[in-house]
Amino acid sequence: MKLYCLSSDPAKPCYILSYKELLIMLDCGLTISTVLNFLPLSLVQSSKFASLPNWLPRDSHDQADGELKECCGKVFIDSAPEFLSPMENIVDFSEVDIILISNYLNMLALPYITEGTNFKGVVYATEPTLQIGRFFLEELVEYIEASPKANTAYKWKGILQNLPSPLCDAHKPKNWKHMFNMDAVNKSLSRVHLAGYDEKIDIYGALQVTAISSGYCLGSSNWIICSGHEKISYISGSSTLTTHPRPINQTALKYSDVAIMTGLTQAPHVNPDGMLGELCMNVAVTLRSGGSVLIPCYPSGVVYDLFECLSTNLDNAGLSQIPMFFISPVADSSLAYSNILAEWLSSVKQNKVYIPDEPFPHASLVKNSRLKHFQHIYSDGFSSEFRQPCIVFCGHPSLRFGDIVHFIELWGSNPLHTIIFTEPDFPYIQALAPFQPLAMKAVYCPIDTSLNFQQANKLIKELKPGVLIIPESYTVPPPMMPQKLELTIDQCTDRQVITFNRERVIKLPLKNINVKVNLSNDIAKTLQPREIQPGINAVPLTGLLEVKDNKYSIKALNAKEMQPLKQSSGTRAKIELGSIDVDLLLKKLKQEGLLLNCEQKRPGSYIITIGSEDTTINIDEHSTHLICKGKPTMRLKLRDLLLQCIQSL
């Protein structure tokens, strides 16, 4: 088995696992952070962005003219945003047999992989992963298509060495891609086959894969990959915290031969509960001073917990009259769908369904008009319903496209307002860079419920994998805290740890070469095994070996098939095994008049010489060598005598 790494971001993983002739893709995460190098896409023309001066490199006066703009000492690309998809030059995507998706955040590159590449494989994901992943993709496409750019910038990619940071450090920008369209999204998602938790799925007879709950988000899963004798665990985007998804299934992950772990927290230095408390405090302070709160968010996930937490906090603070607005092209679908996912929820949420009651409080918040949802700020009814102070949830968290660009331009000059970042995918200072100078307060409260390093180390000890495979970045502390050695995965001596990074190929240390073979009833009932060593039985058999769909079976031969074997061998084939009875051999050699001398070098080791024929027999514990320089007939005669002194089946 080999593992290919196609992504440099452990939070947006994409790996290829090769087994025999199968290629299995583990997740297909999309690196969206590349959009931070581009100017925001405004819903209406922005006078600020339209009037930005061009930036030209000193040594390239005729290149990239008009493609780069300077804003507040930073340089941005004036073009439609581009994304970094998984690498294509290591593995041909048309040869990928299956794709296993762990959660909806790790499937955003799927259209790049399945469309236009001659992909013929199958994609497996849970139902919530498929449906919520559709929401994410639809929102992303609609945001970018809502504000099209007339020109496409490409010249800047040829002069990276002349550009300022962070553009000069961009990773392979010539591989960046523009956003796909909805047709590609629909075709890609039509390839997805639904998988239930603990459902065993056969992969061409060679492997069996099983999705188990990872506890991170709705429908999120870890994957167990089993061959006849090996067990591989793929642990991606997992959580041991008690939130709304079904808890992580740790039992199924235990004692794997190999465990691949990725998708750990992007905010290892903070506690999610502490960040949630700080968010609620900042919201209350802002609202009491007459300001409004802007929260960049995705259309699903943590935003459900924020609705629940903030509504309770507002009640306790006497601010129940403050409205909350959820703005997204898929807001209606997301809120409605989340309330019909009982089987994928925690037991506490499931119990509410059987009362009956809505599992999430946002259903009652919508009924009571405390939470109002709209597709866009220009949707019917928004202008009449909108009032301040308020809390607005909208996207995109990168601040480069979507309705949030309009809100920042609208509220940015007012110090009473606050923008609170909860998604850890984007550095908030870089996200806000093109909007500077900004008067509104900016607060960073990253809420990442995936495993932190302490939880991951504890989980690894409990799971006891034979070999642990992790990204290389997990073995060193974060760059901003180089002294925090506890923010790493322990390099214990009780297990082998292998690290990887982008473009690296790892050979998995699985040495078992045994294959399971099924015997037909006709053959099995005729066998009479003999014990050749304590606990080991053996028996010779004759049959027809069939290999179909990577499954092996031996069937009985019919009379017609047996006839050639009888003609060639005459008798049933024998298997000689075990040690030579030296005393019996010496006796037979004497009877033939061949023995000249026998020397015992050590227990179990003999040298027998037959001088008249210039022949030597060397017998050791594990081997027997016949050295015969005489006639070939003598070698055959001695071979037959040796075989008479060995056990046979």
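A residue counts as partly exposed when its relative accessible area lies between the limit for buried, under 20%, and the limit for exposed, over 50%. The model described here is predicted.

**Salt bridges**

Side chains of opposite charge can pair when their charged atoms come close. The structure holds 14 salt bridges, and three of the pairs are listed below.

| Salt bridge | Closest N to O distance |
|---|---|
| Glu 546 and Lys 555 | 3.1 Å |
| Glu 592 and Lys 637 | 3.1 Å |
| Arg 602 and Asp 620 | 3.2 Å |

Glu 546 has a relative accessible area of 30%, so Glu 546 is partly exposed. Its partner Lys 555 is also partly exposed, at 38%.

Glu 592 forms a salt bridge with Lys 637. This pair links distant parts of the chain, 45 residues apart: Glu 592 is in the loop between helix 16 and strand 31, while Lys 637 is in helix 17. Glu 592 counts as partly exposed at 38% relative accessibility, and Lys 637 counts as partly exposed at 35%.

Arg 602 and Asp 620 meet through their side chains in a salt bridge. Here too the pair links distant parts of the chain: Arg 602 belongs to strand 31, and Asp 620 lies 18 residues away in the loop between strand 33 and strand 34. Arg 602 is partly exposed at 41%, and Asp 620 is partly exposed at 30%.

**A buried lysine**

Lys 157 lies in the loop between helix 3 and strand 9. The relative accessibility of Lys 157 is 13%, so this residue counts as buried. Leaving aside residues up to four places away in sequence, Lys 157 touches Glu 82, Pro 173, Lys 174 and Trp 176.

Notes: Residues are numbered from 1 along each chain as its sequence is written. This is a predicted model: local features need pLDDT of at least 70, side-chain atom pairs count only at pLDDT 80 or more; totals for chains, interfaces and linings use all residues. Side-chain values use heavy atoms; hydrogens and water are left out. Helices (H or I, at least four residues) and strands (E, at least two) are DSSP runs, numbered from the N terminus. Buried means under 20% relative accessible area, exposed over 50%, partly exposed in between (1.4 Å probe, protein chains only). Contact means heavy atoms within 4.5 Å. A salt bridge is a side-chain nitrogen of Lys or Arg within 4 Å of a carboxyl oxygen of Asp or Glu.
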